[in-house]
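The exercises below concern charged side chains. Each has a task and a solution in steps.

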Amino acid sequence: MRIFSFFLLFILLGSPKLAFSIGTYAAGDKLTVHASAGLILRETAAPTGTKILTVDYGSLLTVQAEGLKKTPHAVTVFPGFTIKGFWVKVKTTTGKVGFVFDGYLSKYKTPSSLPNGDDPNANDADAHTIQERYLQMHSPRKGARVDLPKGETRYDRYKVAYANGAEVEVDMGEGGSAYTVRFNKGMTIEEAYLIGKAMWMEDAENIKSTISKGVISLLSGDELWAMEVSVKAGIVHLVMQHAD
């Protein structure tokens, strides 16, 4: 049994296809930092490694081939929810080389990359919500928006598809609004959590964070802002709601 356990551990840590919090990536890929307080670049692949510098939120890092995804690490975000990943060797845009925790990296850009805040006129006139503009920053739209049935108390309800397979559904009306993002394949629930929290809950106070049966839920203290992340049929769903 002990030999089998060591063999299984070797397979898990040595497999080039292994990915915990972030999807698969390779040497040369450029990944974005999604840690709100920045990500520490260290000389060695360990939390005790000497600090080189803190890489700012939204910065790009280039993955290096040496030491690629061999040393596991984990960070507990709140009780019950832990981001698992690996230490990976990267290079900053200024040429500094070191190791960072990949659980806070993503091929997706941060919501802060959107120009001029959430002004829908600052990007594409057809992208009316911040969710649409964010998805369109990563992939072009696929066809025109599709209007959906709506009740008397709803002002607007529609969905928009994107070439990479992502989709957003918008539902606005009396009492509040809801925005559902269905990401393209390869997005992880941890990445969606970091993106959604930065996009939707940034100004919310006294946030209550819970996880139950794989569903992550966030609710502001005044109960006006809410967010939920889940996986359905292999696709990550990010639901953002606001009550009027």
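**Exercise 1.** Lys89 forms a salt bridge with Glu66. In this predicted model, state the distance between the closest N and O atoms, place both residues in the chain, and classify each as buried or exposed.

*Solution.*
Step 1. The closest N and O atoms of Lys89 and Glu66 are 2.8 Å apart. A salt bridge requires a distance within 4 Å, so the pair qualifies.
Step 2. Lys89 belongs to strand β6 (residues 81-92), while Glu66 sits in the loop between β4 (60-63) and β5 (71-78). The two are 23 residues apart, and the pair links distant parts of the chain.
Step 3. Lys89 has a relative accessible area of 16%. The limit for buried is under 20%, so Lys89 is buried.
Step 4. Glu66 has a relative accessible area of 54%. Exposed means over 50%, so Glu66 is exposed.

**Exercise 2.** Which strands hold Arg157 and Glu169, and how is the accessibility of each classed?

*Solution.*
Step 1. Arg157 and Glu169 meet through their side chains in a salt bridge, at 3.2 Å from N to O.
Step 2. Arg157 is in strand β10 (residues 154-161) and Glu169 in strand β11 (residues 167-173), so the salt bridge ties together parts that are twelve residues apart in sequence.
Step 3. Arg157, at 23% relative accessibility, is partly exposed. Glu169, at 16%, is buried.

**Exercise 3.** Describe the salt bridge between Arg182 and Glu169, then find the network of salt bridges that includes both residues.

*Solution.*
Step 1. The side chains of Arg182 and Glu169 form a salt bridge of 3.1 Å, N to O.
Step 2. This pair links distant parts of the chain, with Arg182 in strand β12 (residues 176-182) and Glu169 in strand β11, 13 residues apart.
Step 3. Arg182 has a relative accessibility of 22% and is partly exposed.
Step 4. The network of salt bridges links Arg154, Arg157, Glu167, Glu169, Asp171 and Arg182.
Step 5. A search of the whole structure gives eight salt bridges.

**Exercise 4.** Which residues gather in a patch of negative charge on the surface, and where is Asp203 found?

*Solution.*
Step 1. The surface patch of negative charge consists of Glu202, Asp203, Glu205, Asp222 and Glu223.
Step 2. Asp203 lies in the loop between α3 (189-200) and β13 (208-212).
Step 3. Asp203 has a relative accessibility of 72%, and because exposed means over 50%, Asp203 is classed as exposed.

Technical notes: Residues are numbered from 1 along each chain as its sequence is written. This is a predicted model: local features need pLDDT of at least 70, side-chain atom pairs count only at pLDDT 80 or more; totals for chains, interfaces and linings use all residues. Side-chain values use heavy atoms; hydrogens and water are left out. Helices (H or I, at least four residues) and strands (E, at least two) are DSSP runs, numbered from the N terminus. Buried means under 20% relative accessible area, exposed over 50%, partly exposed in between (1.4 Å probe, protein chains only). Patches are made of residues with over 30% relative accessible area and no salt bridge: like charges are joined within 9 Å, nonpolar side chains (Val, Leu, Ile, Met, Phe, Trp, Tyr) within 5 Å. Accessible areas come from the Shrake-Rupley method with a 1.4 Å probe; for residues, only the protein chains shown count as cover. Lys and Arg count as positive and Asp and Glu as negative; His and the chain ends are not counted. The place of a charge is taken as NZ of Lys, CZ of Arg, CG of Asp or CD of Glu.
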